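Colleague: I should like to request a close look at a single part of a protein model, written for a first-year student. Please explain each term where it first appears.

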Amino acid sequence: MASKAFSFTKLVLLFVSRLLLKYYRNPKILQRNFSNSQFRLEKHFSIAQKKVLSNNTVIFNVEGALLKSSSIFSYFMLVAFEAGSLLRVLFLFLLYPLICVVNEEASLKIMAMVCFFGIKKERFRVGSGVLPKFFLEGVGLEGFEVMKRGGRSVGVSDLPQVMVECFLKDYLEIDVVLGRDLKVKGGYFVGLMEDRKNIDDHLSEIFEDEKECCDLIGISSSNKLIDCHCWSSLCKEIYLVNEGEKRNWHSLPKERDSKPLIFHDGRLALRPTPLAITATFIWLPFGSALAIIRAIIAFSLPFDLAIPILALTGMQLKLTKPKRSKSHNNTKGHLYVCNHRTLLDPVFVSFCLKKPLTAVTYSVSRISELISPIRTVRLRRDRDQDGEMMEKMLSKGDLLVCPKGTTCREPYLLRFSPLFTELSDEMR
């Protein structure tokens with residue numbers, strides 16, 4: 001019994017020591033190792049004092065010199081959740097203690113295997129539709145300003161290329177992005193990444209002819225020792241940023257994005273950190289039971305009775321009613337125009353009005369249509385057929401339409417489809 005307790009204590013001490021080592025690694029050792037090299041190794045804040053960088057090419061490590069946090073677990077968790085399943089998320093979550101204990105390269109391989117194994121390459125859209133939002137939220141303003149001051153910027157990442165390329169090229173306008181390729185077999189990811197050496201070889205090929213005519217500056221983290229070894233033959237100066245500096249960085253304001261983030265297809269509103277995932281799994285049984293109870297109440301009871309009961313379960317809804325105008329056509333229903341931040345918006349409108357509505361949909365799943373407490377009608381994306389169908393529905397009662405055609409959770413108003421303006425004399 002005592003030996004088991006001793007083994008558990010050793011495991012806990014090993015886990016804590018690995019965490020402390022990641023956060024408090026001292027770059028001074030690295031400086032001594034490279035004190036006689038041809039390039040200079042300096043602290044990150046000294047490059048911010050340089051006035052002119054337009055003649056320099058800046059090579060930077062994405063996780064170490066651009067993102068405020070060097071932890072990449074949450075980004076892999078997003079891939080597991082959005083491209084995989086809840087079972088894949090649970091498996092990755094259970095492996096988190098092991099990921100913290102092993103070295104960085106091994107942890108990357110574990111997360112890549114769990115998240116990408118069996119995912120079809122052609123259907124992988126997480127890198128362009130989900131991850132940019134969370135990457136942008138994690139960008140440090142100080143690191144971003146230094147990258148953009150360079151005449152040319154090259155982002156090097158230990159993450160798979162499919163995770164970071166869209167975020168860096170489309171939203172931050174980074175010139176060259178070098179990530180790790182994932183091996184594909186039969187059109188499916190097998191969960192294996194190419195070796196880091198391939199990135200370094202590609203980087204050397206790009207600048208083999210340029211390093212004599214342009215000044216290359218490298219920016220990395222004090223935790224990324226391998227970057228200094230690989231970039232020493234290319235860069236005349238390498239600047240290191242430590243975790244203490246990054247904790248004081250500010251978040252990148254949305255107006256500083258090169259391209260505004262409008263569409264976000266993800267199902268998660270918060271970053272899936274280990275603490276957030278723990279809370280989610282604890283809440284999941286209670287949340288599922290509560291959702292079933294609320295659905296039964298919404299289906300079986302009239303509005304006047306269901307709304308007070310739903311309020312007792314914790315639902316809160318703020319209603320502002322505009323002044324109603326007199327209807328000029330009593331033979332035709334009203335066309336209600338609804339915002340489309342989530343799939344539940346039409347349901348909320350129906351409950352606020354205390355009247356059954358018919359909602360038109362584009363690409364809602366059959367399951368969502370089945371469990372919807374209000375009637376739904378699927379559009380065919382054909383202007384003439386959809387117009388006739390909506391005219392027919394309006395002759396029978398009120399109709400609700402989301403003219404933007406897609407969900408948009410960001411603070412932007414998308415272009416409306418002109419079809420809905422031709423269908424009713426009175427819109428609300």
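Which residues of helix 12 (residues 161-171) are buried?

Modeller: This is a predicted model, in which local features need pLDDT of at least 70 and side-chain atom pairs count only at pLDDT 80 or more, while totals for chains, interfaces and linings use all residues. Residues are numbered from 1 along each chain as its sequence is written, and side-chain values use heavy atoms, with hydrogens and water left out.

The buried residues of helix 12 are Gln161, Met163, Val164, Cys166, Phe167, Leu168 and Tyr171. Here, buried means under 20% relative accessible area, exposed means over 50%, and partly exposed lies in between, with a 1.4 Å probe and protein chains only. Helices are DSSP runs of H or I with at least four residues, strands are DSSP runs of E with at least two, and both are numbered from the N terminus.

One of these buried residues, Leu168, also belongs to the largest nonpolar core, which has 60 residues. A nonpolar core is a set of buried Ala, Val, Leu, Ile, Met, Phe, Trp, Tyr and Cys residues joined through side-chain atoms within 4.5 Å. Leu168 is among the residues with the most contacts inside this core, as are Phe60, Leu66, Phe76, Leu92, Phe116 and Leu172. The largest share of the core, seven residues, comes from helix 5 (residues 73-84). Apart from it lies another core, of 14 residues, including Val156, Leu178, Leu216 and Trp231.

Cys166 in the helix counts as buried at 16% relative accessibility, and Cys100 is buried too, with a relative accessible area of 5%. A disulfide is a covalent bond between the sulfur atoms of two cysteines. With the criterion of a pair of cysteine sulfur atoms within 2.5 Å, a search of the whole structure finds zero disulfides.

Helix 12 also holds a charged pair. Side chains of opposite charge can pair when their charged atoms come close. A salt bridge is defined as a side-chain nitrogen of Lys or Arg within 4 Å of a carboxyl oxygen of Asp or Glu. By this rule the count comes to five salt bridges. In one of them, Lys169 pairs with Glu165, and their closest N and O atoms are 3.6 Å apart. Both residues lie in helix 12, four residues apart, which is about one turn of the helix. Lys169 is partly exposed at 36% relative accessible area, and Glu165 is partly exposed at 29%.

Just after helix 12, Glu173 takes a positive phi of about 55°. Most residues other than glycine have a negative phi. Glu173 is found in the loop between helix 12 and strand 4 (176-180), and this residue is partly exposed, with a relative accessible area of 46%.

Strand 4, on the other side of that loop, takes part in a further salt bridge. The side chains of Arg180 and Glu105 meet at 2.7 Å, N to O. Arg180 lies in strand 4 and Glu105 in helix 8 (residues 104-116), so the pair ties together parts that are 75 residues apart in sequence. Arg180 is buried at 2% relative accessible area, whereas Glu105 is partly exposed at 29%.
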